[in-house]
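Let's take a short tour of a protein model, stopping at a handful of residues along the way. Keep the sequence and the 3D view open as you read.

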Amino acid sequence: MPATKTVDLATHPLTTWQGPLGLPDFAHIGDDDFFPVFDAALKAHEAEIDAIAGNKDTPTIENTLQALELGGDALDRVSSIFWCRAGAHTNDAIQALERDISPKMSRHFSAISMNEKLFARIDDLYQRRESLKLDAETLRVLEKTWKGFVRSGAKLDAEGKKQLAKINEELSSLGTSFGQNVLADERDWALFLDEADLAGLPDFLKSSMAEAAEMRGQKGRYAITLSRSIYEPFSTFSERRDLREIAFRAFTMRGQNGGATDNTSVVRDMLKLRAEKARLLGYGSFAALKLDDTMAKTPKAVHALLDPVWEKALEKAAADQTELQRLATEAGSNEKFAAWDWRFYQEKLRAEKFAFDEAELKPYLQLDRVIDACFDVATRLFGITFEEKQGIAAWHPEARVFVVRNADGSERGLFLADYFARPSKRSGAWMSALQSGYRLGHGSKPVIYNVMNFAKPPAGEPALLSVDEAKTLFHEFGHALHGMLTDVTWPSVSGTSVSRDFVELPSQLYEHWLTVPAVLEKHALHVKTGKPMPKALLDKMLAARTFGAGFATVEFTASALIDMAYHARPDAPEAPLRFEAETLEKLDMPETIAMRHRTPHFGHVFSGDGYSAGYYSYMWSEVLDADAFAAFEETGDPFNPALAERLRQNIYAAGGSKDPEDLYTAFRGKMPSPEAMMVKRGLV
Ligand SMILES: [Zn+2]
């Protein structure tokens, strides 16, 4: 590590942003600045927390809650730049720092949530909250802060705190083992094939299988591995039924192969500890604990969503299976239709019914025009405009800077975007904030960014996107709008600081405007002829989207239902895998479809806490976005001004300042129902 330099947080370019437009002065930030600045910023924040906790005056909103929210400014600033660099433009030095800083940060924040004197002051305010005459947002922030402390165990006695810490520690190490066991099973299994075994496989798959074989020391051969990106296309295209069966069995048994990497007991122990943790914190089940601060709130509400979807999905899958079986028989198969046949015959049916070439669409989707379309939709819906500023240094020369203005021309904030893939960038697409927008204290304008990984075209040629890439651009821009349109007082409820089952609404909803005819007519122009995308081509693409919905919905929903079944009970099942089998039987799970993630490799739920009792939220968000866009369709105007204003106010501007259920109802006039989602998926 670099030797500690003396750092003045009041003047350092990482913590006082003196660059153009109020951005950090990226040109004067070096990699070796991060370590000493982090060090100083952590110490400064600790001192601020000590001062708040040790204050002898009666707690007030100003001297406690506000001081807590505005504290750590230097730490926020250095962190936001550092994590931006770590994702979008990293190198060995940044990566080494990451390993050092992550545990430091988690220790720092867990010490704050365990600070008894600090909690005593928050608790004092919370107990007096009725008499403090707080506005609704402040009351909510106080309640959320208090709950956050309580959920970290602040109210437990010394013995309880010790117990909770032990449970958390055990859960975290079990979660790590779970993930490593799955990884080991995936790494250790490969089936090597020769040219003669590859019947039906497309070139892209052959080349990734060749690479996988070479990595395992079998150059010149081809490997089926258990990575989803090989397993799924292999079971989709391979004409070798025997190999499809072998691959299917290996894939669905990951984490359940006996020996050191078997996850059966890991899962049993984790479920026990989670039930214990919920009990300790005063909840009836682990699901009740996890759902407490979500939009769904209770397992009952989750079931009200999943159960009707499950019924429809089963019906659709049964109808689809009849058709697939017919295809199999026609193709001369006498075997009983099995789980390893589904993807294969489904692909045959797709090719027969919806043959069209993605490559036909690409010339209509030029990156710069799709960006224009994103901006244009935001202007039509919300009145904001975007002006690009040239020559301003950001974290990389390819990052572009835009000033975002309100309808009256006043500045609202900044939007930065970094579109092309490069070796220093991690894969994927994301939105984040260098600075979030809020009014508290001196206030702060939102500085939001998007990072994408589109292939960079040769110099002088326009970048063309696939439909999925264009959707991703709209998706991440929807998250960015959530950050840029934010209109709240308190930092902790700004922008995307909302519950997990609400955060994808602004992004998934925004995707819908990509395929609005008026938007495509204006922006989806052929790169050579300048003509708009033909309607017939668009219709074909849209029709193909719902194909295979029965299978996809059954495999997803089965996993979501099992996740809920494990966690909504007050205790833990003695034999989780038997419980999985019994639950599936009660649900009438078709024998010919496997869960998308079976328990012994269900990483979302067991390798950490991220999506435990939360796998449903992917579908919950889909219900919200389909239902929300249906509101526009019902008016016959995808830009209906009155509705757009309600959307801005309640969804894009409100952040976490109100209960998500109230926000959604204020926009839509009612709670969402799954019908629009089922139509969108093609289930009804
Ligand atoms: Zn998203």
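Which helix does E311 lie in? It lies in helix α13. One thing to keep in mind from the start: this is a predicted model.

## A negative patch on the surface

E311 has company. Together with D307, E315, E585 and D588, E311 forms a negative surface patch. Helix α13, which covers residues 299-330, gives the most to this patch, with three residues.

How much of E311 is open to the outside? Its relative accessible area is 46%. E311 counts as partly exposed because that value falls between the 20% and 50% cut-offs.

## D588, a patch member in a loop

Now hop over to D588, another member of the negative patch. You'll find D588 in the loop between α21 (576-586) and α22 (603-606). With a relative accessible area of 57%, D588 is exposed, since anything over 50% gets that label.

Take a look at the backbone here too. Phi of D588 is near 60°, which is a positive value in a residue other than glycine.

## L21, ahead of the first helix

L21 also has a positive phi despite not being a glycine: the angle is near 65°. To spot L21, look in the segment before α1 (34-54).

Is L21 buried or exposed, or something in between? L21 is partly exposed, at a relative accessible area of 28%.

## Q366, tucked away in a loop

Next up is Q366, which sits in the loop between α14 (339-353) and α15 (367-382). Being in a loop doesn't put Q366 out in the open: its relative accessibility is 14%. Q366 counts as buried because the cut-off for that is under 20%.

What does the side chain of Q366 have 3.1 Å away? A polar atom of that side chain lies at this distance from the backbone oxygen of L525. Try finding both residues in the 3D view.

## S177 and D262

Last stop: helix α7, residues 158-188, where S177 is found. S177 is partly exposed, with a relative accessible area of 30%.

How far is the C-alpha atom of S177 from that of D262? The two atoms are separated by 9.9 Å, while the residues are 85 residues apart along the chain. Use the sequence to locate each residue, then compare that with where they sit in the 3D view.

Methods:
Residues are numbered from 1 along each chain as its sequence is written. This is a predicted model: local features need pLDDT of at least 70, side-chain atom pairs count only at pLDDT 80 or more; totals for chains, interfaces and linings use all residues. Side-chain values use heavy atoms; hydrogens and water are left out. Patches are made of residues with over 30% relative accessible area and no salt bridge: like charges are joined within 9 Å, nonpolar side chains (Val, Leu, Ile, Met, Phe, Trp, Tyr) within 5 Å. Accessible areas come from the Shrake-Rupley method with a 1.4 Å probe; for residues, only the protein chains shown count as cover. A salt bridge is a side-chain nitrogen of Lys or Arg within 4 Å of a carboxyl oxygen of Asp or Glu. Lys and Arg count as positive and Asp and Glu as negative; His and the chain ends are not counted. The place of a charge is taken as NZ of Lys, CZ of Arg, CG of Asp or CD of Glu. Helices (H or I, at least four residues) and strands (E, at least two) are DSSP runs, numbered from the N terminus. Buried means under 20% relative accessible area, exposed over 50%, partly exposed in between (1.4 Å probe, protein chains only). A polar contact is a pair of N or O atoms within 3.5 Å; within protein, one must be able to donate a hydrogen and the other to accept it, and residues adjacent in sequence count only if both atoms are side-chain atoms.
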